[in-house]
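Hi everyone, thanks for coming. I'd like to walk you through one structure today, so let me put it on the screen.

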Amino acid sequence: MTIGALWSFVVVVGLLTMTPGLDTALILRTATVRSTRQAWGVVLGIQTGTLVWGVLASAGITALLTASHVAYDVVRWTGAGYLVWMGARMLWATWRGETAGDHDPRMASAAGFRAGWRRGLFTNLLNPKVGAFYMALLPQFIPAGATPLLYGVLLAGVHVALGLLWSTALVATARRLRGLLSHPRARRVLDRVTGVVIVAFGIRLATEAR
């Protein structure tokens with residue numbers, strides 16, 4: 001792989017990483033309302049999903065996803081259902097005068113990290129468009145005659161590294177906003193906005209064509 005090709009890949013996935021979307025909303029909401037530890041759980045869950053998609057795409061397994069309408073639709077509908085359920089829970093909690101997921105602060109330790117990791121992982125893996133994107137993108141940057149799995153994992157690692165750098169900035173920004181959002185009403189507003197965004201992503205995933 002030439003340096004020029006690598007930089008082209010960095011630019012493409014870098015712009016993708018910084019584009020506001022579901023991942024950004026989840027990270028900012030978790031870091032602002034919950035805890036930095038749980039926010040990093042979400043971040044690492046998302047990046048774990050990215051690495052898994054990179055391995056699957058490099059091994060050619062996601063070709064089955066892009067070729068099979070049934071497999072694609074199963075993942076798509078499962079992901080859409082998960083997003084709508086997660087967003088609806090946030091909205092329902094705010095209508096009840098609560099903040100979604102409020103519990104004993106001691107749960108913001110190991111259990112909070114694991115919960116964040118699972119949420120980030122499922123959000124990423126249940127989006128078949130990520131797999132389709134990797135299937136279309138990675139082969140363009142793998143040199144002829146090279147081992148696809150090795151180079152694919154290396155490229156996915158570059159994507160993960162960029163994601164971690166951007167997430168560091170997001171978490172740091174969210175921490176500065178925690179004081180402004182310490183009031184329960186402000187937190188409910190944030191949860192309502194985030195809940196609507198997540199539900200909208202779920203509906204879009206369910207209705208959007210491949």
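Let's start with the pocket, and with helix H8, because H8 gives the largest share of the lining of the largest pocket, five residues. Just so you know, this is a predicted model.

How big is that largest pocket? Its volume is about 850 Å³. A total of 29 residues line the largest pocket, and the ones nearest its centre are Leu 16, Leu 22, Asp 23, Asn 127 and Val 130.

Which helices help build that lining? At least two residues each come from H1 (3–18), H2, H3 (36–58), H6 (110–125), H7 (128–137), H8 and H9 (184–207). And if you sort the lining residues of the largest pocket by class, you get 13 nonpolar, twelve polar and four charged.

Okay, now let's look at how some of these helices pack. Find H2, residues 22–34, and then H8, residues 148–177. Their axes come within 8 Å of each other and cross at roughly 40°. An angle from 35 to 65 degrees counts as oblique, so H2 is oblique to H8. The crossing of H2 past H8 is right-handed.

Which residues do the touching here? On the H2 side they are Thr 24, Ile 27, Leu 28, Ala 31 and Thr 32, and they meet Trp 166, Ser 167, Leu 170, Val 171, Ala 174 and Leu 177 of H8. By class, this contact of H2 with H8 has eight nonpolar residues, three polar ones and no charged ones.

Now keep your eye on H8 and swing over to H3. The axes of H3 and H8 come within 9 Å and cross at roughly 160°. Anything over 145 degrees counts as roughly antiparallel, so that is what H3 is to H8. The H3 and H8 crossing is right-handed. In the contact of H3 with H8 there are 13 nonpolar, eleven polar and one charged residues.

To wrap up, H8 is a good helix to follow around this model: H2 crosses it obliquely, H3 runs roughly antiparallel to it, and H8 supplies five residues to the lining of the largest pocket. Thanks, that's it from me.

Definitions and conventions: Residues are numbered from 1 along each chain as its sequence is written. This is a predicted model: local features need pLDDT of at least 70, side-chain atom pairs count only at pLDDT 80 or more; totals for chains, interfaces and linings use all residues. Side-chain values use heavy atoms; hydrogens and water are left out. Axes are lines fitted to C-alpha atoms, for helices over the stretch in contact, and angles run from 0 to 180 degrees between N-to-C directions. Helices (H or I, at least four residues) and strands (E, at least two) are DSSP runs, numbered from the N terminus. Angles under 35 degrees count as roughly parallel, over 145 as roughly antiparallel, 65 to 115 as roughly perpendicular and the rest as oblique. A crossing is left-handed if the near helix is turned anticlockwise from the far one by less than a right angle, and right-handed if clockwise. Contact means heavy atoms within 4.5 Å. Ala, Val, Leu, Ile, Met, Phe, Trp, Tyr, Cys and Pro count as nonpolar, Asp, Glu, Lys and Arg as charged, and the others, Gly among them, as polar. On a 1 Å grid over the protein atoms alone, a cavity is a set of points where a 1.4 Å probe fits but cannot get out, and a pocket is an open set with protein on both sides within 12 Å along at least five of seven lines; lining residues have an atom within 4 Å of a point. Grid points are joined across faces, edges and corners, and a volume is the space filled by probe spheres set on the points.
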